[in-house]
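This report examines the fold, the core and the helix packing of a single protein chain. The sequence and the structure are shown first.

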Amino acid sequence: MTAQPTGSAPGTTAAWAPHAPADHGSDPRAQAFATAHPDRPIPAAGPVDTSPIACTPATEYTQLFAAVVPETRTRGNDIHLPISLAFAARLCDAHPDADRELVSVAIILHDTGWAHVDESRILSEGFGGDWRKAAIRFEHEAEGCAVARRVLPGLGYDEEFIERVCTIIDGHDTRPVAYSLEDALVRDADRLWRFDHAGIALASSWFGMNPAVYSDRLRAEIIPELITEAAVRMGTADLDRSVTLLRTEVLR
């Protein structure tokens with residue numbers, strides 16, 4: 001079902017369209033991952049921290065962030081990427097079997113491609129209607145892979161690792177299924193930042209929604225998309241705090 005505009009008043013523009021897993025579900029990597037993790041959301045194997053994300057900032061990867069400073073100045077990446085990395089660290093704590101280095105590097109780089117596409121098209125094409133199939137979404141994924149291949153060799157990462165990073169970046173928005181646990185954790189971290197009040201404040205404007213309507217959409221449509229139990233718990237706790245802080249029961 002593709003979301004349709006519901007009007008022109010503030011907070012009533014089109015929502016995002018739901019994923020269609022069948023589009024890539026026949027891929028052997030997707031099938032192997034689904035077989036390995038049949039229970040959804042995937043149960044946590046380690047501790048799940050649901051405290052405010054500001055309590056546990058991720059302070060690693062200074063050199064990698066420094067290498068992509070220009071890419072953080074587009075589409076709020078200087079807010080999105082550090083918060084998402086902090087969530088990724090928590091998700092790796094909950095899933096100690098995951099390759100933490102792969103998850104961390106991929107989440108830092110996954111949206112850097114937005115800096116290398118036509119900025120005038122980002123909001124007009126990338127955040128309206130069936131945005132997951134918008135051409136600019138595919139373009140930013142390809143450009144993100146180009147950034148990874150440019151910056152990671154100089155930081156000591158080998159070709160095999162870089163290609164694993166690019167496999168996650170390529171499709172993180174447009175491919176409806178994960179190919180690995182690391183892929184799933186990056187996808188969940190990419191969504192979890194939205195539930196923080198900073199994410200709500202920034203991203204609600206991208207979709208042309210007020211914070212209350214955007215928060216409703218997060219609860220109804222994005223929490224069910226989360227792949228891991230840890231992400232569901234984190235997102236629900238964060239959203240509950242955010243809607244209370246932002247007084248969305250009144251400010252509608």
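## Aspartate 238

Is aspartate 238 buried or exposed? In this predicted model, the relative accessibility of aspartate 238 is 4%, so the residue counts as buried, since the cut-off for that class is under 20%. Aspartate 238 belongs to helix α11, which spans residues 229-245. Beyond its neighbours within four places in sequence, aspartate 238 has contacts with Phe87, Phe195 and Asp196.

## Overall architecture

The chain contains eleven helices and zero strands. Of its 252 residues, 50% count as buried. Among contacts between residues at least 6 apart in sequence, 74% link residues that are at least 24 apart.

## The nonpolar core

In soluble globular proteins, nonpolar side chains tend to be buried together. Here the largest nonpolar core comprises 62 residues, and those with the most contacts inside it are Val105, Leu109, Leu152 and Val165. Helix α3 (residues 77-94) gives the most to this core, contributing nine residues.

Leucine 109 illustrates the packing in some detail. When residues up to four places away in sequence are not counted, leucine 109 touches Leu64, Val68, Gly144, Val147, Ala148, Val151, Leu152, Val165 and Ile169. Two of the residues named for the most contacts inside the core, Leu152 and Val165, are thus included among the residues that leucine 109 touches.

## Helix α4 and its surroundings

Helix α4 (residues 100-109) is mostly covered, with eight of its ten residues buried. The buried residues are Leu102, Val103, Ser104, Val105, Ala106, Ile107, Ile108 and Leu109. They pack against α2 (62-67), α3, α6 (135-151), α7 (159-169) and α8.

## Packing against helix α8

Two packed helices are described by the angle between their axes and the distance between the axes. For α4 and α8 (residues 181-192), the angle is about 40 degrees and the axes are 9 Å apart. Angles from 35 to 65 degrees fall outside the parallel and perpendicular classes, and α4 and α8 are therefore oblique to each other. Their crossing is right-handed. On the α4 side the contact involves Leu102, Val103, Ala106 and Ile107, which meet Glu182, Leu185, Val186, Ala189 and Asp190 of α8. By class, the residues of this contact are seven nonpolar, no polar and two charged.

Helix α3 also packs against α8, at an angle of about 130 degrees and with the axes 8 Å apart. These helices are therefore oblique to each other, and α3 passes α8 in a right-handed crossing. His80, Ser84, Phe87, Ala88, Leu91 and Cys92 of α3 meet Leu185, Asp188, Ala189, Asp190 and Leu192 of α8. The contact of α3 with α8 divides into seven nonpolar, two polar and two charged residues. Leu185, Ala189 and Asp190 of α8 appear in the contact with α3 and also in the contact with α4.

## Helices α10 and α11

Which helices cross at roughly 160 degrees? They are α10 (residues 211-222) and α11, whose axes come within 11 Å. That angle, over 145 degrees, makes α10 roughly antiparallel to α11. The crossing of α10 and α11 is left-handed. Ser215, Leu218 and Arg219 of α10 make the contact with Leu239, Asp240 and Val243 of α11. Three nonpolar, one polar and two charged residues form this contact of α10 with α11.

Key
Residues are numbered from 1 along each chain as its sequence is written. This is a predicted model: local features need pLDDT of at least 70, side-chain atom pairs count only at pLDDT 80 or more; totals for chains, interfaces and linings use all residues. Side-chain values use heavy atoms; hydrogens and water are left out. Axes are lines fitted to C-alpha atoms, for helices over the stretch in contact, and angles run from 0 to 180 degrees between N-to-C directions. Helices (H or I, at least four residues) and strands (E, at least two) are DSSP runs, numbered from the N terminus. Angles under 35 degrees count as roughly parallel, over 145 as roughly antiparallel, 65 to 115 as roughly perpendicular and the rest as oblique. A crossing is left-handed if the near helix is turned anticlockwise from the far one by less than a right angle, and right-handed if clockwise. Contact means heavy atoms within 4.5 Å. Ala, Val, Leu, Ile, Met, Phe, Trp, Tyr, Cys and Pro count as nonpolar, Asp, Glu, Lys and Arg as charged, and the others, Gly among them, as polar. Buried means under 20% relative accessible area, exposed over 50%, partly exposed in between (1.4 Å probe, protein chains only). A nonpolar core is a set of buried Ala, Val, Leu, Ile, Met, Phe, Trp, Tyr and Cys residues joined through side-chain atoms within 4.5 Å.
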